[in-house]
Amino acid sequence: MSQDLHHVANGIIEVVHTTRYEYPAAVRLSINEARLHPISDNWQTCLDAELVVDPPARFHAPYRDYFGTLAEPFDVETPHTSIEITGRSTVSCIARPTAEQVVDAPRRHRMDPYDPCIEYTLVSPMVRWDDEIEALAKSLQKDTVVATALAVNDWLTANLTYSTGSTEVGTSVSDVLAQGQGVCQDFAHVACALLRCAGVAARYVSGYFSSVPLETGISFRGEGHAWVEVLVREGEWWAFDPTNDQPAGDRHVKVGHGRDYSDVVPLRGVYQGGAFGSLRVDVTMRRLAAAHTLD
């Protein structure tokens, strides 16, 4: 895994996530739930979050879900041939540790069944494995948590190719490995499967990522993204991005986490009437405040 020892110590990032649906005939009713706004944790604080729906939503009742993600159910009863959902957020970030900076801990061979993190060691709807995957995971096991995560990351970098459109939302871990390619969601699912098999609690993270450094005052095209966090010790998680072969850093903005993608879907819903036409998703990211770096 490549390591960059220059990190942004502080800064504020603005994220605008816009989803637009176009329909060939009028939709009479649209019921949805969005998870678009960043969570507050040890490394970031969500300063402001706004959800704008056009046509306006009749019902909007935000709540924190089981995993702590801000979920926002809403419905639109006005007949419409298009709908636009925009999540605007500002988040203050501090530097996350690299693998060299985090204090590693021994890998636990067994977790207490009553430990609240045990669900991140088990199979989940989209993270399942077979004997072949289990054997691979055991070959990647190291004595410590972060060392095991780095071994899994390095294996994925060498054996899995990023390829847009190569998989679907429901593609299994086994199928991704068989074809040797996938998208960020697949990299995160495979990493979680291998880590859990290797005795490491691993959770799927959903958020935003900029592929280029964020410069103050300039908007860049970002993207919805997925990465992984591993439990180092009680209450302490270390985040890494297997798709991009790097630790999660100042260009990663976390929305939430769960067992897999199904727990943190950015936008899901149903509608009545019409027929599906087109979908467009745009994400822009901009650094609002200058930041200094630590060497």
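A polar contact, as I use the term here, is a pair of N or O atoms within 3.5 Å; within protein, one must be able to donate a hydrogen and the other to accept it, and residues adjacent in sequence count only if both atoms are side-chain atoms.

**Ground rules.** I'm working on a predicted model, where local features need pLDDT of at least 70, side-chain atom pairs count only at pLDDT 80 or more, and totals for chains, interfaces and linings use all residues. Numbering starts from 1 along each chain as its sequence is written, and side-chain values use heavy atoms, with hydrogens and water left out.

**Entry: Gln-141.** I began with the contact that prompted that definition: a polar atom of the Gln-141 side chain lies 3.4 Å from the backbone oxygen of Ala-198. Gln-141 sits in the loop between helix H1 (131-140) and H2; helices (H or I, at least four residues) and strands (E, at least two) are DSSP runs, numbered from the N terminus. I get 27% relative accessibility for Gln-141, so I put it down as partly exposed. The scale is: buried under 20% relative accessible area, exposed over 50%, partly exposed in between (1.4 Å probe, protein chains only). Not counting residues up to four places away in sequence, Gln-141 touches Arg-107, Thr-148, Cys-197 and Ala-198, with contact meaning heavy atoms within 4.5 Å. I also checked Ala-151, ten residues along the chain from Gln-141: the C-alpha atoms are separated by 7.6 Å.

**Entry: Asp-186.** Which side chain of opposite charge is nearest to Asp-186? I found Arg-196, 14 Å away, and Asp-186 is buried yet has no salt bridge. For charge, Lys and Arg count as positive and Asp and Glu as negative, while His and the chain ends are not counted; a salt bridge needs a side-chain nitrogen of Lys or Arg within 4 Å of a carboxyl oxygen of Asp or Glu. What Asp-186 does have is a polar contact, side chain to side chain, with Thr-167 at 2.5 Å. Leaving aside neighbours within four places in sequence, I list Thr-167, Thr-171 and Val-176 as its contacts. Asp-186 belongs to helix H4 (residues 184-197).

**Entry: the sheet under H4.** I traced an open sheet of five strands in the order E15-E14-E13-E11-E16, with antiparallel pairing. Its edge strands are E15 (246-247) and E16 (252-258), each pairing on one side only. Two strands pair if DSSP finds at least two bridges between them. E14 (residues 236-241) and E15 are joined by two bridges, and Phe-240 has Pro-247 of E15 as its bridge partner. H4 packs on this sheet, touching strand E11 (202-209), E13 and E14, and its direction makes about 15° with that of E13. For such angles, axes are lines fitted to C-alpha atoms, for helices over the stretch in contact, and angles run from 0 to 180 degrees between N-to-C directions. Helix H2 (residues 145-159) lies across E13 (223-233) and E14, at about 15° to E14. I count five of the six E14 residues as buried.

**Entry: hairpins.** E13 and E14 are joined by five bridges, and Arg-233 stands opposite Glu-236. Two residues lie between these strands, and Gly-235 takes a positive phi near 80°. The hairpin of E14 and E15 has four residues between the strands, with Asp-245 at a positive phi near 55°.

**Entry: Arg-88 and the other sheet.** Arg-88 is in strand E8 (residues 80-93). The open sheet here runs E4-E8-E2-E18-E12, again five strands paired antiparallel. E4 (44-54) and E12 (219-221) each have a single partner strand, so one side of each is left without a neighbour in the sheet. Ten bridges join E4 to E8, and Ala-49 stands opposite Ser-89. Is Arg-88 buried, partly exposed or exposed? I get 37% relative accessibility, so partly exposed. Its contacts beyond four places in sequence include His-37, Asp-48 and Glu-50.

**Entry: salt bridges.** I count 16 in the structure. Glu-229 and Arg-203 pair at 2.6 Å between the closest N and O atoms. Glu-229 lies in E13 and Arg-203 in E11, so the pair ties together parts that are 26 residues apart in sequence. Both residues are buried. Arg-20, Glu-22 and Glu-84 are joined into one network by salt bridges that share partners. Arg-35 bridges to Glu-33 at 2.8 Å, and both are buried. Glu-77 with Arg-58 comes in at 3.1 Å; there, Glu-77 is partly exposed at 44%, while Arg-58 is exposed at 53%.
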